[in-house]
Amino acid sequence: MKIIDVIEKKKKGNALTEEEIKFFIDGIMKGSIEDYQTSALLMAIYFRGMNIDETTWLTKYMVESGETLNLSSISDNIVDKHSTGGVGDKITLMFLPLMAASGIYTAKLSGRGLGHTGGTIDKLESIPNFRTDLSIKEFKDKVKKHHTAIAAQTLSLAPADGKLYALRDVTSTVDIIPLIASSVVSKKIASGANHIILDVKYGSGAFLKTAKEAEELSKVMVEVGKRLNRNICAVISSMNQPLGRAVGNSVEIQEVIEFLKGNMEPDLKEITYTLCLKAFEKTGKFKTKEEAYKYLDKIILNGEALEKFKEIIKSQGGNTDIINDYSKLPQASIKYEVKSKYTGYVKNIDALKIAKACKNLGAGREKKSDSIDYSAGIYLTQKFGEPVAKGETIAVIYTNKKDQVKDAEKMIVSAFEISDTEPRKKSLIYKIIN
Ligand code: URA
């Protein structure tokens with residue numbers, strides 16, 4: 001078989017066979033296919049697409065390109081949750097302690113952020129001494145002992161995805177459903193969980209802009225996961241406005257702790273509880289949703305979930321004093337209050353603008369090698385539907401970059417849409433694909 005024939009076939013819009021896809025992935029891993037040939041095939045896929053069989057084979061051979069974590073010695077009921085990424089998205093950090101406190105095993109490998117704010121791993125690393133560079137053995141031992149662990153995604157899992165993603169990133173071939181689906185699902189399958197819950201976002205602060213695109217991607221990911229014998233579902237939700245009030249790294253950790261202390265922002269509660277309920281349903285923990293919902297409220301109010309979060313921090317070497325003393329988290333030298341220009345109700349807060357402002361304040365990175373200022377971020381004192389008076393504080397900027405404050409202020413003011421009438425509240429959840 002020759003790669004040029006495979007490229008030619010896809011260029012003409014024909015479906016590839018399983019053997020051709022295996023040949024492609026093997027060639028990438030062995031180095032017998034050059035980057036320019038891989039790039040040409042990626043572009044042909046971009047324009048010609050892939051059917052569900054091709055997407056499934058691509059996913060399968062990406063999984064087989066590296067190690068697969070075997071967690072079956074711990075339990076047959078291990079849950080993984082994956083978000084396609086959003087602004088202020090700290091849901092994993094509430095989901096894991098809630099699951100662990102409920103006796104459900106979760107094993108979470110997560111990425112660093114390459115966007116406007118840090119990823120989950122960056123947020124956790126804002127906790128002094130918190131270790132995310134766990135070996136596979138440490139990771140498994142901790143899952144067994146504490147019901148959960150979270151570590152940085154290792155390169156040994158689905159390494160073909162790492163190679164393909166690096167080329168997609170520089171050849172404008174990231175935003176195409178079969179390639180996104182195979183990339184996400186291959187990493188989830190290689191991570192070893194048998195129940196996978198995908199948290200798929202759409203909107204201004206998300207990778208996919210419309211609910212229709214998110215639904216299309218979700219359907220493909222769920223079908224591929226099922227064909228590869230995983231119990232998988234996708235929860236699709238709006239990411240037009242930031243999740244919660246905090247956007248950044250250590251400010252988000254503070255918001256997670258407040259949530260676990262019972263001070264739950266309604267949007268965070270809606271998404272977190274929906275994902276927890278899906279996990280309960282998959283593992284058969286409760287008979288009814290009402291029972292499950294009440295249980296979650298109970299373990300938050302009696303402090304069990306917070307205690308679990310503390311246990312996770314301790315098990316991964318972090319300073320647990322942060323639970324009751326936020327001054328132990330990285331602190332920015334500048335704290336600046338942004339005031340409203342109008343009186344009315346908050347009708348919308350553009351997630352993308354808040355995210356861009358956050359990045360300029362130091363909370364995100366442009367290149368993988370960039371460092372992050374864990375203390376930088378934005379706290380939204382006013383949120384959707386809340387009344388606001390002209391001159392009142394709508395957000396607080398945290399940064400060490402004095403020269404960025406004015407630009408961030410302008411961006412935040414322009415992100416806020418204020419209306420004369422109180423907007424109607426809507427559920428963030430668009431659809432669940434089972
Ligand atoms: N996230 C991934 O892991 N892969 C993609 O292709 C896009 C988003």
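Arg131 is partly exposed, with a relative accessible area of 32%. Its salt-bridge partner is Glu138, and the closest N and O atoms of the two are 2.9 Å apart. Glu138 is likewise partly exposed, at a relative accessible area of 26%. The model described here is a predicted one.

## Salt bridges

Side chains of opposite charge can pair when their charged atoms come close. In this model the count of salt bridges comes to 31. Three of them are set out below.

| Pair | N to O distance |
|---|---|
| Glu138 and Arg131 | 2.9 Å |
| Asp199 and Lys201 | 3.0 Å |
| Lys406 and Glu409 | 3.2 Å |

Are Asp199 and Lys201 buried or exposed? Both residues of this pair are buried. Their salt bridge has its closest N and O atoms 3.0 Å apart.

The pair of Lys406 and Glu409 belongs to helix H16, which covers residues 405-415. The two residues are three apart in that helix, so about one helical turn separates them. Their side chains meet in a salt bridge with an N to O distance of 3.2 Å. Lys406 is exposed, with a relative accessible area of 52%, whereas Glu409 counts as buried because its relative accessibility is 16%, under the limit of 20%. Elsewhere, Lys90, Lys123, Glu252 and Glu255 are joined into one network by salt bridges that share partners.

## The six-stranded sheet

One open sheet has six strands in the order E3-E2-E1-E4-E5-E13, and its pairing is mixed. Which strands form the edges? They are strand E3 (148-152) and strand E13 (429-433), each of which pairs on one side only. On average, neighbouring strands of this sheet are turned by 20° against each other, direction ignored.

Within this sheet, strand E1 (residues 78-83) and strand E4 (residues 195-202) pair in the parallel sense, over five bridges. Val79 stands opposite His195, a residue of E4. Helix H10 (residues 211-227) packs on the sheet and touches E4, strand E5 (231-238) and E13. The direction of H10 makes about 170° with that of E5. Helix H12 (residues 266-283) lies across E1, E4, E5 and E13, and runs at about 155° to E4.

## The four-stranded sheet

Another open sheet consists of four strands in the order E6-E9-E11-E7, with antiparallel pairing. Its edge strands are strand E6 (246-248) and strand E7 (334-339), each pairing on one side only. Neighbouring strands here are turned against each other by 15° on average, direction ignored.

Strand E9 (residues 377-380) and strand E11 (residues 393-399) pair over four bridges in the antiparallel sense. Which residue of E11 is the bridge partner of Ile378? The partner is Ile397.

Helices also lie across strands of this sheet. Helix H11 (residues 250-260) lies across E6, E9 and E11, running at about 145° to E6. Helix H15 (residues 351-360) lies across E6 and E9, and its angle to E9 is about 140°.

## Around the ligand

Which residues are found around the ligand? They are Tyr165, Arg168, Ile180, Ser183, Val184, Lys187 and Phe207. Polar side-chain atoms of Arg168, Ser183 and Lys187 can be placed in relation to ligand atoms as follows. For Arg168, a polar side-chain atom lies 2.9 Å from an oxygen atom of the ligand. For Lys187, a polar side-chain atom lies 2.5 Å from an oxygen atom of the ligand. In the case of Ser183, an N or O atom in the side chain is 2.6 Å from a nitrogen atom of the ligand.

## Glu54

Glu54 is located in helix H4, which spans residues 52-63. Why does Glu54 count as buried? It counts as buried because its relative accessibility is 2%, where the limit is under 20%. Leaving aside neighbours within four places in sequence, Glu54 is in contact with Lys10, Asn14, Ala15, Leu16, Ile21 and Gly49.

Note on methods: Residues are numbered from 1 along each chain as its sequence is written. This is a predicted model: local features need pLDDT of at least 70, side-chain atom pairs count only at pLDDT 80 or more; totals for chains, interfaces and linings use all residues. Side-chain values use heavy atoms; hydrogens and water are left out. A salt bridge is a side-chain nitrogen of Lys or Arg within 4 Å of a carboxyl oxygen of Asp or Glu. Buried means under 20% relative accessible area, exposed over 50%, partly exposed in between (1.4 Å probe, protein chains only). Two strands pair if DSSP finds at least two bridges between them. Axes are lines fitted to C-alpha atoms, for helices over the stretch in contact, and angles run from 0 to 180 degrees between N-to-C directions. Contact means heavy atoms within 4.5 Å. A residue is near a molecule or strand if one of its heavy atoms lies within 4 Å of it. A polar contact is a pair of N or O atoms within 3.5 Å; within protein, one must be able to donate a hydrogen and the other to accept it, and residues adjacent in sequence count only if both atoms are side-chain atoms.
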